[in-house]
Amino acid sequence: MNRPTGPWLLSGPYGSTGVRQPPHAHDRGGAFPAAVLFDRDGTLVSDVPYNGDPARVTLMPRAREAVDAVRAAGIPVGVVTNQSGVARGLLTPRQIEDVRLRVEELLGPFAVWAVCPHGPGEGCGCRKPAPGLVLAACRRLAVPPERTVVIGDIGADVEAARAAGARGVLVPTAATRPEEITVAGTTAAHLLAAVRLVLDPAADLLAAVRLVLDPAPVAAPAGEPRRHPGAAAGEWRSSPAGPVGEPRRHRAAPAAAPRGHPALPTGEAR
């Protein structure tokens with residue numbers, strides 16, 4: 001039996017040889033990330049099970065603002081995503097590419113896309129929560145994993161970051177299990193709040209102090225929802241869990257099939 005190959009590294013606008021780093025991106029001290037990697041489904045775009053149709057790609061709340069904020073700081077952005085629909089015969093490489101192009105049409109170009117096309121039983125090293133996708137993206141970007149942040153919506157994203165030596169930030173949605181939130185370490189109410197955490201830890205600490213001193217709901221800046229007691233530091237909470245009606249995604253654990261697809265049994269991650 002042939003063992004799986006590594007992840008797919010899809011060509012971005014910078015070509016296949018990697019990305020030239022902005023000079024200032026590495027010069028702000030160890031707390032400032034050298035790269036930010038986003039999960040795709042449930043993080044950047046709504047989680048549509050085994051989606052190969054660009055027309056069904058819709059952005060998660062605050063996704064454009066979040067990605068733009070990282071780019072504005074001179075930090076490369078990438079995507080790390082499990083796509084076991086390829087191994088299951090439900091997606092083709094062309095469909096993966098079509099969806100990638102649609103995401104970039106909505107969010108702008110990403111410096112690297114690392115995609116795991118393998119199924120849960122194939123024993124690859126790239127399927128999250130394994131570290132392979134994160135490590136491959138870091139190699140492509142020529143950044144150290146320990147200076148990299150991974151942002152995702154389920155425990156497998158945070159576990160993959162931890163296994164690679166990177167920092168993980170969880171943005172819970174309806175697909176996130178309570179125990180995943182408990183062990184995540186760092187969580188954010190929405191994607192823009194997650195980016196604020198990693199770009200400006202000092203501002204986040206100040207927001208935490210303000211929240212302790214003034215625990216009542218406060219008026220948000222123009223265009224932002226109200227902040228409520230219990231929200232993580234520096235976060236403006238909108239919905240309690242995420243977009244309504246989205247299917248649950250689960251941690252990569254038992255070798256079964258994900259919820260949300262009628263032709264497959266339940267209990268597994270993508």
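These are my notebook entries on a few things I looked up in this structure, which is a predicted model.

**Entry 1: helix 4**

I started with helix 4, residues 155-164, and asked how many of its ten residues are buried. The count is seven, so the helix is largely enclosed by the rest of the structure. I wrote down the buried ones: Gly 155, Ala 156, Asp 157, Val 158, Ala 160, Ala 161 and Ala 164.

Next I wanted to know what these buried residues pack against. I found two helices, helix 3 (132-141) and helix 5 (178-184), and two strands, strand 5 (148-152) and strand 6 (167-170). Just after helix 4 I also noted Gly 165, which takes a positive phi of about 90 degrees.

**Entry 2: the strands on either side**

I then followed strand 5 and strand 6, which pair in the parallel sense over four bridges. Looking across the pair, I saw Val 149 opposite Arg 167 in strand 6. The chain goes from strand 5 through helix 4 to strand 6, and I noted this β-α-β crossover as right-handed.

**Entry 3: the nonpolar cores**

Which residues have the most contacts inside the largest nonpolar core? I listed Phe 38, Leu 44, Val 103, Phe 110, Ile 151 and Leu 191, in a core of 36 residues. Several elements each supply at least two residues of this core, among them strand 2 (35-38), helix 1 (63-72), helix 2 (93-107) and strand 5. Helix 6 gives the most, with seven residues.

A handy reminder for myself: in soluble globular proteins, nonpolar side chains tend to be buried together.

I picked Ile 151 for a closer look. Leaving out residues up to four places away in sequence, Ile 151 touches ten-odd names I could tick off, including Val 36, Phe 38, Thr 43, Val 169, Leu 191 and Val 195. There is also a second, separate core of 21 residues, and Val 80, Val 112, Cys 116 and Val 150 are among its members.

**Entry 4: around Phe 110**

My last stop was Phe 110, where I checked the rings. Phe 110 and Trp 113 form an aromatic pair, with 5.8 Å centre to centre and 80 degrees between the planes. That angle is over 60 degrees, so I call the pair edge-to-face.

Are these two rings' residues buried or exposed? Phe 110 has a relative accessible area of 0%, so it is buried. Trp 113 counts as buried too, at 1% relative accessibility. Finally, I spotted the charged end of Arg 71 over the ring of Phe 110, 5.3 Å from its centre.

Terms used
Residues are numbered from 1 along each chain as its sequence is written. This is a predicted model: local features need pLDDT of at least 70, side-chain atom pairs count only at pLDDT 80 or more; totals for chains, interfaces and linings use all residues. Side-chain values use heavy atoms; hydrogens and water are left out. Buried means under 20% relative accessible area, exposed over 50%, partly exposed in between (1.4 Å probe, protein chains only). Contact means heavy atoms within 4.5 Å. A nonpolar core is a set of buried Ala, Val, Leu, Ile, Met, Phe, Trp, Tyr and Cys residues joined through side-chain atoms within 4.5 Å. Rings of Phe, Tyr and Trp (its six-membered ring) pair if their centres lie within 6.5 Å; planes under 30 degrees apart count as stacked, over 60 as edge-to-face and the rest as tilted. A charge sits over a ring if NZ of Lys or CZ of Arg is within 6 Å of the ring centre and within 35 degrees of the ring normal. Two strands pair if DSSP finds at least two bridges between them. A crossover is right-handed if, with the strands pointing away from the viewer, the path from the first strand over the helix to the second runs clockwise.
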